[in-house]
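This note is addressed to a colleague who is meeting the structure for the first time. Please keep the sequence and the model in view while reading the points.

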Amino acid sequence: MKIGPKYKIAKRLGANVFDKTQTQKFMLSEARSAKSRRRRFGSKTEYARQLLEKQKVRFTYYVSERQFKNYVKKAMDKGGANPAETLFALLEARLDNTIYRMGLAPTRQAARQMVAHGHIVVNGRRVTVPSFSVSKGDAITIRLGSKGSLLFTILPEKLKEFKSPSWVLFDTEKMEGTVVALPKYEAGTSHFDLAPVLEFYSR
């Protein structure tokens with residue numbers, strides 16, 4: 001998926017959308033711009049707020065509109081008390097996001113390329129599809145032929161200060177990651193809100 005000018009998109013959607021825009025300088029600049037926009041245009045309509053949240057989620061996970069609609073449809077069709085939690089789990093369980101969460105890649109975009117280039121093995125099978133969905137208990141390793149790459153030889157040092165979410169683990173000695181649980185969504189802990197996103201597609 002082609003993203004376009006990241007700084008321009010981040011100014012519209014929020015600094016946390018892309019890793020490269022998560023700097024204090026950019027956030028301060030964005031806060032000033034947002035304040036100016038509120039004075040000029042007033043408060044957003046409910047539709048505009050829903051659209052904004054939808055775009056935040058799409059660009060965060062690097063998914064196309066078509067892919068995202070499919071994720072939303074799956075979450076709604078599955079039913080249950082909390083479709084937002086289901087949608088979050090579907091997005092987080094993408095292979096590119098999973099290896100990003102493990103700390104193997106500095107950004108989701110880099111993780112996407114890592115998978116597409118054939119560096120990642122899931123349960124002994126090489127997977128080259130970034131949207132591949134992982135499950136609890138899956139073992140994620142680096143392809144034997146890729147372990148000598150600079151991408152991975154510096155991993156143990158990089159991961160010393162890295163803190164992964166509780167649903168994934170990565171053993172730097174074995175160079176193997178494990179999905180130990182399903183991702184959990186809690187409203188207010190992310191830079192996006194999934195409730196208005198589901199409302200957008202329910203219209």
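The numbered points below take up the basis of the model, its overall make-up, its sheet, its salt bridges and two threonines.

1. Basis of the note. The model is predicted: local features require pLDDT of at least 70 and side-chain atom pairs count only at pLDDT 80 or more, whereas totals for chains, interfaces and linings use all residues. Residues are numbered from 1 along each chain as its sequence is written, and side-chain values use heavy atoms, with hydrogens and water left out.

2. Overall make-up. The protein contains ten helices and five strands; these elements are DSSP runs, numbered from the N terminus, with helices being H or I of at least four residues and strands E of at least two. Of its 203 residues, 42% are buried. Here buried means under 20% relative accessible area, exposed means over 50%, and partly exposed lies in between (1.4 Å probe, protein chains only).

3. Surface and contacts. About 11,600 Å² of the protein is exposed, and carbon and sulfur atoms supply 52% of that area; accessible areas come from the Shrake-Rupley method with a 1.4 Å probe, and for residues only the protein chains shown count as cover. Among contacts with a separation of 6 or more, 57% are between residues 24 or more positions apart, a contact being heavy atoms within 4.5 Å.

4. The sheet. In what order do the five strands of the open sheet lie? The order is β2-β1-β3-β5-β4, with antiparallel pairing. The edge strands are β2 (125-126) and β4, each of which pairs on one side only. Two strands are taken to pair if DSSP finds at least two bridges between them. In general, strands of a sheet pair through backbone hydrogen bonds, either parallel or antiparallel.

5. Pairing of individual strands. Strand β1 (residues 120-122) is joined to β2 by two bridges in the antiparallel sense, and valine 121 stands opposite arginine 126 in β2. Strand β3 (residues 139-142) pairs with β5 over three bridges, again antiparallel. Strand β4 (residues 168-171) also runs antiparallel to β5, and four bridges join them.

6. Strand β5. Glycine 177 in β5 is the bridge partner of isoleucine 140, and phenylalanine 170 stands opposite this glycine as well. Side chains alternate along β5 (residues 176-179): Gly177 and Val179 point to one face and are buried, while Glu176 and Thr178 point to the other and are not. With β4, strand β5 forms a hairpin that has four residues between the strands; methionine 175, in the turn, has a positive phi of about 55°.

7. A helix over the sheet. Helix α6 (residues 95-102) lies across β1, β3, β4 and β5, and runs at about 60° to β4. Such angles run from 0 to 180 degrees between N-to-C directions, and axes are lines fitted to C-alpha atoms, for helices over the stretch in contact.

8. Salt bridges. How many salt bridges does the rule give? The count comes to nine, where a salt bridge is a side-chain nitrogen of Lys or Arg within 4 Å of a carboxyl oxygen of Asp or Glu. One of them links arginine 49 and glutamate 46 (3.1 Å, N to O). Both residues lie in helix α3 (residues 46-61), three residues apart, about one turn of the helix. Arginine 49 is partly exposed at 32% relative accessible area, and glutamate 46 is partly exposed at 41%.

9. Further salt bridges. Arginine 101 and glutamate 92 form a salt bridge whose closest N and O atoms are 2.9 Å apart. Arginine 101 is partly exposed, at 23%, whereas glutamate 92 is buried, at 1%. Lysine 160 and glutamate 157 form another, with closest N and O atoms 3.1 Å apart; both of these residues are exposed. In addition, salt bridges that share partners join Lys54, Arg58 and Glu65 into one network.

10. Two threonines. Is threonine 60 buried or exposed? Threonine 60, found in helix α3, counts as buried because its relative accessibility is 2%. A polar atom of its side chain lies 2.6 Å from the backbone oxygen of lysine 56. Threonine 153 lies in helix α8 (residues 150-153) and counts as partly exposed because its relative accessibility is 44%. Leaving aside residues up to four places away in sequence, threonine 153 touches Lys147 and Gly148.

Note on methods. A polar contact is a pair of N or O atoms within 3.5 Å; within protein, one must be able to donate a hydrogen and the other to accept it, and residues adjacent in sequence count only if both atoms are side-chain atoms.
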